[in-house]
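Trainee: I am new to this structure. Please take one part and walk me through it closely.

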Amino acid sequence: MPFRRRPARSRTDGLRRPLAVLASAALAMAAAIVPLATSAAADAAATGDTTVTVNANAGLGTVTSTALGANTAVWDAYMNDPGVAPLYRAAGIGALRYPGGSYADLYHWVDNTAPGGYVAPGTDFDSFMGTAKASGAQPILIANYGSGTAQEAADWVRYANITKGYGARYWEIGNELYGNGVYGSGWENDTHADKTPDQYAREVKSYAAAMKAVDPTVKIGAVLTMPGNWPDGSVATGDTGDWNHTVLAAVAHDIDFVSVHWYPNTGNGDQSLAAVRQLPGELHEVRDLVDRYAGADSAHIGIAMTEVNSNSGGGAFTSRPNGLFTAEAMMTALENGVFTVDWWDTHNSAGTISTVGGETDYGDMGMLSNGSCSGGVCEPAVNTPFAPYYGIKTLGALSDPGDSMVASGTSDSEISSHAVLRSDGDLGVLLLNKSSGTEHTVDLRYLGFTAASGTPEVQRWAPGDDGLVDATGTATADSVTLAPYSITVLTLHPKSGTGSAAATVGAPGTPRTTAVGAGTVGLTWPAATGTVDRYEVYEQLGTNIQLLGSSTGTSVTLSNLPAGSRHTVDVLARDKAGHLSRPSAPLTFTTTTPDDSTCTVSYQVTSGWGNGFVSNVVVSNVGPADIDGWTLTFDWPSAGQSLSSSWNANVTGDGRHVHVTNTDSNAELAPNGGNSVTFGFVGANDGANPSPTSFTLNGTVCRTVS
């Protein structure tokens, strides 16, 4: 961001503990849709205007303790107020990032100074750790790259974990260093003479070696740009690649996680909520990049979204729409492979005052008031929660560590749904009404879960509610009515003897590929606890799943998969009585293209600017027969990708499908690689810009080459 002062289920408070994900990303294919046990609600007559379907057998990752996080900052005089830790704990916040965004590249921990910036009294590292310990949160610490050294970072590790025994596990190397001026905009402090991504990568390796020499258990994170957001795809003068490709090519085997930030920077709350649809594709592209460069080590590299808010500058931040955005964006990130999502930030200060939906918005990026004033209007008392705090609290009410996030979907774009299968067999369902003026009645349907009789527990944050309130009695297992701009969390108990609660086997471990071909994929996974009758591999198809294969052991080979196709799979264990376990964390993979194809295609993005790009395509005929006149087709992986203009070929697009034909001058492709045809185009991307995975030339699937 531009450099700125960004000055267990606990029934005693009706809430549950935090949410977090450890998942790779997932995929696989074949067979028929498998019917699974359903609730009586599945047969109930529809009475609502929207249907929500939850599939308890389609896993999206396992909840850990660091999922919900918040940023803290050394310029925040209220950072360590005694009242802050209980608020963190009540919301289920399990991670705290320090010492504060861009300030990290100014900050020297040993004397609690940030030359050129302001450091508030009482914000030193030990004071921060007091708050972290009181809240039960794990620190996420940013080592000073901009004006620090690897030795300074190693000394901080020694002090934190050897001298003080704090057990600080996660350490980022700097903050947003791609904003050091190398791409023309310089908000991040960086005193290195060489500001290229190559230099950052060299220093990350040095920092990682020095810090792990002190404590081998620390996890080191490198800064990446978010795909589809500036400066993603930009190549600076003299560089050979963009930031992400350059950094990961050098450090993929030296790091333990990557750190990305996401600010959609839209015009209002409704636009911010709509922009969340970009997140799955962008995060999948991060994972694909890590897979590409880390290979087998990729399974051990996590994704952290260490800053998120609806805007990176001025905007409406404290009112209800941003609270809805908070819940929707953070939960979506967790469902798509992020292990911690850290809100920017805890306290900030009042900005532009506005009125949103009849309530005052203080223009403050913090989740808690700092009591400041702007334009003669003052915020409420210090530490009064703003809307984003309640958005996070609804997620804390949804799940405990160890629970499994599962797939859900809705029939109406104004309603969002998220669900978790809890370790005790209960099902948690979060429903978000994004409409500012329309009440919606939702019919609830379940796959892989049968609800017990009786009404579910209900917690709700709706206009007029004093925070997150107990609203039990306002919903059934079949139906619930959602107020405009509201979030509702349901807890449903399983019918006795049904679902994963009745299984005598645990969830299998996360699957991984052992071999990937053009039509087959080998999988293996850690065994489940208990006596397993067999393991079953299912592909996720929205809220449906289909059986791809089964095995009495912990491996299987999946066959008949289309070349260049992407799949997401879970493994479930079935016990001797036929009960299915909770699903494993998901795995996403893409099959290769045929090695023996008679054609090859090279697709390269040669430049990009966040929401646009230039691509170069080379087509070759390596078969024995001459080709006189050709047609190449492929599909965009993301719905946000499109064509603008082209050269050296006739290129047209129809939705995701792209159709390319020769010009009069390049119709012939000589056999055995005798010549190649090169064409290119300018494209646009709203969100991620992944490369197509499969190309077909005159009906033949080509081998894709680098």
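Mentor: What follows is a close look at one strand and its surroundings. Keep in mind that this is a predicted model. The strand is S6, residues 219–223. Start with burial. A residue counts as buried under 20% relative accessible area. Four of the five residues of S6 pass that test, so the strand is largely enclosed by the rest of the structure.

Now look at its partners. On one side of the pairing list is strand S5, residues 170–173. S5 and S6 run parallel, and three bridges join them. Take one contact: Trp171 has Ile220 of S6 as its bridge partner. The other partner to visit is strand S7, residues 257–262. S6 and S7 also pair in the parallel sense, over three bridges. Here Val223 is matched with Ser259 of S7.

Next, follow the chain between these strands. Helix H4, residues 197–214, joins S5 and S6 in a right-handed β-α-β unit. Helix H5, residues 243–251, takes that role in the unit with S6 and S7, again a right-handed β-α-β unit. S6 thus belongs to both units.

Last, step back to the core. Trp171, the partner of Ile220, is one of the residues that touch the most other members of the largest nonpolar core, which holds 115 residues. Tyr200, Trp262 and Met305 are the others named there. The largest share of this core, eight residues, comes from helix H8, residues 320–335. Another core lies apart from it, with 23 residues, including Val406 and Phe449.

Methods:
Residues are numbered from 1 along each chain as its sequence is written. This is a predicted model: local features need pLDDT of at least 70, side-chain atom pairs count only at pLDDT 80 or more; totals for chains, interfaces and linings use all residues. Side-chain values use heavy atoms; hydrogens and water are left out. A nonpolar core is a set of buried Ala, Val, Leu, Ile, Met, Phe, Trp, Tyr and Cys residues joined through side-chain atoms within 4.5 Å. Buried means under 20% relative accessible area, exposed over 50%, partly exposed in between (1.4 Å probe, protein chains only). Helices (H or I, at least four residues) and strands (E, at least two) are DSSP runs, numbered from the N terminus. Two strands pair if DSSP finds at least two bridges between them. A crossover is right-handed if, with the strands pointing away from the viewer, the path from the first strand over the helix to the second runs clockwise.
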